[in-house]
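This report introduces selected features of the structure shown below. It treats strand pairing and then the surroundings of one helical residue.

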Amino acid sequence: MSDSCDIAIVGAGAAGMTAAIFAAEAARADGGPAPRIVLLDGAKSPGAKILVSGGGRCNVTHDHICPDDFNGPKNIVRNVLAAFNEKAAEQWMESIGVQLKREETGKLFPVSDSARTVLASLQRRLAELNVHTRAGCKVVGVDPTFHLECEVSTGPSSSPDSRATAVLSARRLILSTGGKSLPKTGSDGGGWNLARRLGHSVTDTWPALVPLVLDDRMFHADVSGLSHDAELSTFVEGRLNDRRTGSLLWTHFGISGPLAMDASRFWTIAKGRSQAVEMRCSFVPGEAFEKVEAKLIRMAQARPKQSIVKALCEWLPERLSAALLGHAGAEAGEALAQLSRDRRRRIVHALTALPLPIARDRGWNYAEVTAGGVPLDEVDFRTMASRKMPGLFLAGEILDCDGRIGGFNFQWAWATGYLAGRGAVKGLAQSNFP
């Protein structure tokens, strides 16, 4: 079975759907003949990653976004974001029927608190624009003339005859296949193989925005469920590689929450490269060792009979204070005045620079995004057009750019999808459609 179209978009996630919508709208605005746009996805129900994002609420963007929120070449990221910024994303969402609300953190969610609102609105707009969506159609091969080899689902996946082969020919091709994060949603990294066949390179790839598993000897299980502000510093080969503050969540397996998720990429990349890497936690963000020690000394002078655990409650929940003291080899009930200089300093070291014994990350099944991909200098940031293959465009997580948690990766999907869709349709009207 073979077919043809003007624009084929491989990957019907956030970036792919956005590209399809803006391609169709741009063609309509030009007043020329409507291009045939086909949106392909290997999953039987595209958009699964949208549905699970933000705890099922879909954090569509943030109210303030800048290049420093992303890991990637700042000049390229800046230009991409300028073309379709957070205000444009908010207005666009509302234009397709997604009313948004801002939370205290700056995150923007649908008023409905349901990710299904976002997915349904995108799919409705695709239908209005006559974009042909083919679910259960996995692209497994491509050649430089954009002949796509597809495996098409024809029945239950358990049946040996449930797949058929089809060929789709396209004049323009957009790759928006995502990375490898959350593979249960359909992301398997296959898009990078297609990009390589068309002349692109792909950097090493790692799980990012992923929880971290601590050694069982750590106290995390005793404080599971507690969250607090903290500072995480990642040292690679003895040098500070990243330092950031935010909300840290202790879990039964280790650490999570926005702070750990944002810091995780630096640990996973260094570990994957077999580099010496250490992450340290400060429970008193921005406070130096000397300042914290001086405060403990003043507290001992003012309240000599107060227990150490109660003193640490100046900074931490009592349950966490007790666990931290036990880890530092101190007695929680010991009076401040009885602390020796060495024990006091062990406690201050634990408060300001506690080494976290990270055993591993939780892997692709729990990673929210991919670090690595097709280098940004291999695309034209004005249109997301490939610099390697004429007629090819790339958008979303397939590219080597990842943002911090809080709606930033969706903003990257909307912005790159916007540019790729409009870029792909440009010039089609000057020639006859097949």
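## Strand pairing and a helical residue

Strand β1 (residues 2-10) pairs with strand β10 (residues 163-175) in the parallel sense, over 8 bridges. The model in which this pairing appears is predicted. Within the pairing of these strands, Ala 8 lies opposite Leu 173 of β10.

Strand β10 also pairs with strand β9 (residues 147-153); here the sense is antiparallel, and the pairing extends over 7 bridges. Cys 150 faces Ala 166 in β10 across this pairing. A further partner of β10 is strand β22 (residues 392-394), to which β10 is joined by 3 bridges in the parallel sense. In that case Ile 174 stands opposite Phe 393 of β22.

The partners of β10 are set out in the following table.

| Partner of β10 | Sense | Bridges |
|---|---|---|
| β1 (residues 2-10) | parallel | 8 bridges |
| β9 (residues 147-153) | antiparallel | 7 bridges |
| β22 (residues 392-394) | parallel | 3 bridges |

As a general point on strands, side chains in a regular strand alternate between the two faces of the sheet.

The report now turns to a helix. Arg 28 is located in helix α1, which spans residues 14-30. Is Arg 28 buried or exposed? The relative accessible area of Arg 28 is 51%, and the residue is therefore exposed, since the term applies to values over 50%.

Leaving aside residues up to four places away in sequence, Arg 28 touches Glu 128 and Leu 129. Arg 28 and Leu 129 are 101 residues apart along the chain, yet their C-alpha atoms are separated by 8.9 Å.

Conventions: Residues are numbered from 1 along each chain as its sequence is written. This is a predicted model: local features need pLDDT of at least 70, side-chain atom pairs count only at pLDDT 80 or more; totals for chains, interfaces and linings use all residues. Side-chain values use heavy atoms; hydrogens and water are left out. Two strands pair if DSSP finds at least two bridges between them. Helices (H or I, at least four residues) and strands (E, at least two) are DSSP runs, numbered from the N terminus. Buried means under 20% relative accessible area, exposed over 50%, partly exposed in between (1.4 Å probe, protein chains only). Contact means heavy atoms within 4.5 Å.
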